[in-house]
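Work through the following exercises with the sequence and the model side by side, and try each task before reading its solution.

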Amino acid sequence: IKLSRISDIQGKTLKEQEEAIQTANDNLKRLEKLRQQLIADISHELGTPMVAVQGYVKALLDGVIQPEEKYLRLIYDRVLTVNHLIKDLFLLSTYQANRNHFDHQQIDIDAFILSVEDKYAPECERSGIELEVFKGVDGSGSAQEEMIVWADPVRLDQVFENLVQNAIKFTGAGGSIQLTSEFQPKYEGARLGHWFVKISDTGLGISEEDIAHVFERFFRSKEAKARGIQGTGLGLAITKEIIQKHGGEIGVTSAPDEGTTFFFLIPAELIDKCENAQSKILG
Ligand code: ADP
């Protein structure tokens, strides 16, 4: 939402000035509504698990239930949810206020994707999900070249954590997840271009009605809630912020009951392998 500046009304006719002020007022009202909605969402999301914790602890104190493991676990899970929420909210607010320090480093994509595969393969196997990783040859097929991006490795890990964990959560046993990573040159033969990443699953899918909202703070589909799939609804909002802070873009396509594909692009380049090896030795 763009707020009017003084320059928006300077040198304009009275009618134009009135219109500019009206637009500024409308924008302010919209911002205020968003702010109120956000406070309502936060109170609701934090309040719901806390009410449950209060109920269990009261019942324990009153001797209505005994301190059995199942009740303690219920309490523990709710506290965990609240902690996640607070951590995610804090992250999101610092990203949006540009207060978060990003530590951009040169990242070798081949090595990074290998680490992603190592990290999530065991979890996929435990969940009965097949994980396939495709490293596209598009432009990066040359044996002498490798793709690098300038990015914050911790944030990049977080992007994959959110997207892959979602794919796992929303895909049952017997399903599969495909991770594609490739270099897309700006034009044929160019060494500058984009790192294109696609994470497709054969899971629950997202309805047409919901798809426009998945990147909004606190959005969780009715199916996710009904099936008791854990989440804060903040993961994708955070992911989008991180991608945008790296000069990139993120999108999604989905078909209910067939699966979902999240994809993102961030600026990348191809460099000579020996050049990279040298810079690593030299530090
Ligand atoms: P969370 O996963 O914590 O609920 P997210 O912001 O990561 O929050 O996701 C928001 C919502 O988007 C999810 O609740 C779900 O409805 C939908 N969603 C995200 N990823 C997928 C996926 N891979 N398949 C189906 N739905 C998804």
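A polar contact is a pair of N or O atoms within 3.5 Å. The model used in these exercises is a predicted one.

**Exercise 1. Find which residues surround the ligand, and which side chains place a polar atom by one of its oxygen atoms.**

Solution. Begin with the whole shell, which consists of 20 residues around the ligand, the closest being Asn 166, Lys 169, Ser 221, Thr 232 and Leu 236. Next, look at the side chain of Ser 221, where a polar atom lies 2.8 Å from an oxygen atom of the ligand; because the limit for a polar contact is 3.5 Å, this pair falls within it. Asn 166 also has a polar side-chain atom 2.8 Å from an oxygen atom of the ligand. Finally, turn from side chains to the backbone, and you will find a polar backbone atom of Gly 235 at 3.3 Å from an oxygen atom of the ligand. As a last step, consider how much of the ligand is hidden: on its own it has 530 Å² of accessible area, and the protein covers 97% of this.

**Exercise 2. Work out which elements contribute to the shell around the ligand, and how its residues divide by class.**

Solution. Two or more residues of the shell come from each of α4 (153–169), α7 (235–245) and β7 (259–272). Among these, α4 provides the largest share, which is three residues. Then sort the shell by class, which gives nine nonpolar residues, eight polar ones and three charged ones.

**Exercise 3. Describe the pocket in which the ligand sits.**

Solution. The ligand sits in the largest pocket, whose volume is about 980 Å³. Its lining is made up of 40 residues, and those nearest the centre of the pocket are Asn 166, Lys 169, Gln 230, Gly 231 and Thr 232. Now trace the lining back to the elements: α2 (69–96), α4, β5 (192–201), α6 (222–226), α7 and β7 each give two or more residues. The largest share again belongs to α4, which supplies eight residues to this lining. By class, the lining of the largest pocket divides into 16 nonpolar, 15 polar and nine charged residues.

**Exercise 4. Characterise the second largest pocket by its space, its lining and its elements.**

Solution. The second largest pocket holds about 470 Å³ of space. Of the 16 residues that line this pocket, Glu 45, Thr 48, Thr 81, Arg 220 and Gly 231 lie nearest its centre. The elements that give two or more residues to this lining are α1 (14–61) and α2. Sorting the lining of the second largest pocket by class, you should obtain four nonpolar, seven polar and five charged residues.

**Exercise 5. How many cavities of 30 Å³ or more does the structure hold, and which residues line the largest cavity?**

Solution. Rolling a probe the size of a water molecule over the atoms shows where empty space is left. In this structure there is one cavity of 30 Å³ or more, and the largest cavity contains about 50 Å³ of space. Its lining is formed by Val 116, Glu 117, Tyr 120, Leu 131, Val 164, Ile 177, Leu 179 and Ile 199. When these residues are assigned to elements, α3 (109–126) and β4 (176–185) each supply at least two of them, and α3 gives the most, with three residues. The lining of the largest cavity divides into seven nonpolar residues, no polar residues and one charged residue.

Conventions
Residues numbered from 1 in each chain as written. Predicted model: local features only at pLDDT ≥ 70, side-chain atom pairs only at ≥ 80, totals over all residues. Heavy atoms only, no water. Near = heavy atom within 4 Å. Polar contact = N/O pair within 3.5 Å; in protein donor to acceptor, adjacent residues only side chain to side chain. Areas by Shrake-Rupley, 256 points an atom, 1.4 Å probe, with all protein chains shown as cover. 1 Å grid on protein atoms, 1.4 Å probe; cavity = no way out; pocket = protein on both sides within 12 Å on 5 of 7 lines; lining within 4 Å. Sits in = over half its atoms within 2 Å of the grid points. Helix = DSSP H or I, 4+ residues; strand = E, 2+ residues; numbered from the N terminus. Nonpolar A, V, L, I, M, F, W, Y, C, P; charged D, E, K, R; others polar. Points joined across faces, edges and corners; volume = space filled by probe spheres on them.
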